[in-house]
Amino acid sequence: MRRMYVCVLALLLGFALQAQAAERWYTPNASDGMDTWFGSVYYTTGMPTSNRIRMGGWGDQYNGLLRFNLSGLPQVATQVVLWLYTFPDSGTPVALNWYRLLENWQETKTTWSNQPVGTFLGWTSAPPRGYSGWYGVDITSFYNSWRRGNSSYLNFGFRLSPTGTNNQFTQFFSSDT
């Protein structure tokens, strides 16, 4: 198989008429999204076919971008969790700043100098050192806003940036693996 699926969107759907919840797991395939990473000094051009999405740095900085095609998925969900699989590294992992992107971007054309602008959302802690496993982030409010199609809240995805760059890296397997 050419690709290993890295991101899994777990959708818990609430149905008002039935007063019950259904659980649905959605694993994007190769055409359902984009991911890339790039650096401020090295690898300044996006790495869309890399086997990983890398954030961190050693004095320089690496950022990662993620976006999902949500067409065909339910309009409203009570909970959506983005699951990323960590790429084990012998270095020190770094916490991540999350940004909701405000501009369109293309996986093969994004570079450090033209990376999309984003709104800061907050940060998530680093995975444990040497950890290889799932890393989950709740994105329910973003999913529901994107599915409503609000023109001021379009689905351009997320940028992940490191909180430090002192030989610190957090990496996830890419959908291109």
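1. Tyr43 sits in the loop that links strand 3 (33-39) to strand 4 (52-58); strands (E, at least two residues) and helices (H or I, at least four) are DSSP runs numbered from the N terminus. Tyr43 is partly exposed, at 44% relative accessible area, where buried means under 20%, exposed over 50% and partly exposed in between (1.4 Å probe, protein chains only).

2. The model is predicted: local features need pLDDT of at least 70, side-chain atom pairs count only at pLDDT 80 or more, and totals for chains, interfaces and linings use all residues. Residues are numbered from 1 along each chain as its sequence is written, and side-chain values use heavy atoms, leaving out hydrogens and water.

3. Strand 4 and strand 11 run antiparallel and are joined by seven bridges; pairing requires at least two DSSP bridges between two strands. Met55 is opposite Thr170 of strand 11. Of the eight residues in strand 11, six are buried, so the strand is mostly covered.

4. The largest nonpolar core (buried Ala, Val, Leu, Ile, Met, Phe, Trp, Tyr and Cys joined through side-chain atoms within 4.5 Å) has 27 residues, and Phe68, Leu96, Trp98, Ile139, Phe158 and Leu160 touch the most other members. Elements giving it two or more residues include strand 4, helix 1 (140-148) and strand 11 (166-173). A second, separate core has six residues, among them Phe38, Leu101, Trp105 and Phe156.

5. Which residues does Trp98 contact, leaving aside neighbours within four places in sequence? Among them are Leu82, Leu84, Phe120, Trp123, Val137, Phe158 and Leu160, with contact meaning heavy atoms within 4.5 Å.
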